[in-house]
Amino acid sequence: VQLQASGGGLVQAGGSLRLSCAGSGSILSLLAWYRQAPGKQRELVASLASDGSIEYADSVKGRFTISGDVPKKTVSLQMDGLKVEDTAVYYCHGRTILYKPYWGQGTLVTVSS
């Protein structure tokens, strides 16, 4: 599976960005966005399963919205009300029904104060 992410950039606090990811290859059961800030561990931001179930990290609930089509291997992350602490490299993640993970290249999101 290949995952291609796009949409990162520089935005002021309070602004919005939209990340997109498109994949190809094997059938997936879940698509998600992770992020990794400098000096911190990679963390789950939001996930979308093939049954339509969605999960968000507590830190982004109410501000970020994940959408997409898992069978078509497309997923987006609408990020509103961005905060400085949202600054990180964001990674698109896909998982097969056998839990094999795949990662796209990271896209940098920088939120300035």
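This report walks through the strands, the aromatic residues and the nonpolar core of a predicted model.

## Strand β11 and its partners

Let's start with β11, which covers residues 107-112. Its side chains take turns: Thr-107, Val-109 and Val-111 face one way and are buried, while Leu-108, Thr-110 and Ser-112 face the other way and are not. In general, side chains of a regular strand alternate between the two faces of the sheet.

Which strands does β11 pair with? One is β2 (residues 9-12), which pairs with β11 in the parallel sense through 4 bridges. Here Val-11 sits opposite Val-111 of β11. Another is β9 (residues 88-95), which runs antiparallel to β11 and is joined to it by 3 bridges. On that side, Tyr-90 has Thr-107 of β11 as its bridge partner.

## A look at Gly-9

Gly-9 belongs to strand β2. Is Gly-9 buried or exposed? Something in between: its relative accessible area is 24%, so it counts as partly exposed. That follows because buried would need under 20%, and exposed over 50%.

Setting aside neighbours within four places in sequence, Gly-9 touches Leu-17, Leu-108, Val-109 and Thr-110. Of these, Leu-108, Val-109 and Thr-110 are part of β11. By contrast, Pro-71 sits 62 residues along the chain from Gly-9, with 28 Å between their C-alpha atoms.

## The aromatic cluster and Arg-42

How many aromatic pairs does the model have? The count is 2. Tyr-34 and Trp-103 make an edge-to-face pair, with 5.0 Å between centres and 70° between planes. This pair ties together distant parts of the chain, since Tyr-34 is in β4 (residues 30-36) and Trp-103 is in β10 (residues 101-103), 69 residues apart. Tyr-91 and Trp-103 form an edge-to-face pair too, at 6.4 Å centre to centre and 90° between the planes. Tyr-91 comes from β9 and lies 12 residues from Trp-103 of β10.

Put together, Tyr-34, Tyr-91 and Trp-103 form one aromatic cluster. Tyr-91 is buried, at 16% relative accessibility, whereas Trp-103 is partly exposed at 37%. Arg-42 joins in as well: it lies over the face of Tyr-91, 3.7 Å from the ring centre. The charged end of Arg-42 also sits over the ring of Trp-103, 4.6 Å from the centre of that ring.

## The open sheet

There's also an open sheet of 4 strands, ordered β1-β3-β8-β7, with antiparallel pairing. Which strands stand at the edges? They are β1 and β7; each has a single partner strand, so one side of each has no neighbour in the sheet. From one strand to the next, the twist averages 15°.

Inside this sheet, β3 and β8 run antiparallel and are joined by 6 bridges. Within that pairing, Cys-21 has Val-75 of β8 as its bridge partner.

## The nonpolar core

The largest nonpolar core holds 28 residues. Which of them have the most contacts inside it? Those are Trp-33, Val-45, Phe-64, Leu-77, Met-79 and Tyr-90. Tyr-90 is thus a core residue as well as the bridge partner of Thr-107 in β11.

Plenty of strands chip in: β1 (2-6), β3 (17-24), β4, β5 (43-49), β7 (64-69), β8 (74-79), β9 and β11 each give at least two residues to this core. As a general point, nonpolar side chains tend to be buried together in soluble globular proteins.

Note on methods:
Residues numbered from 1 in each chain as written. Predicted model: local features only at pLDDT ≥ 70, side-chain atom pairs only at ≥ 80, totals over all residues. Heavy atoms only, no water. Buried < 20%, exposed > 50% of the residue type's maximum accessible area, 1.4 Å probe, protein only. Pairing = 2+ DSSP bridges. Contact = heavy atoms within 4.5 Å. Phe/Tyr/Trp six-rings, centres within 6.5 Å; stacked < 30°, edge-to-face > 60°. Lys NZ or Arg CZ within 6 Å of the ring centre and 35° of its normal. Core = buried A, V, L, I, M, F, W, Y, C linked by side-chain atoms within 4.5 Å. Axes fitted to C-alpha atoms, helices over the stretch in contact; angles between N-to-C directions.
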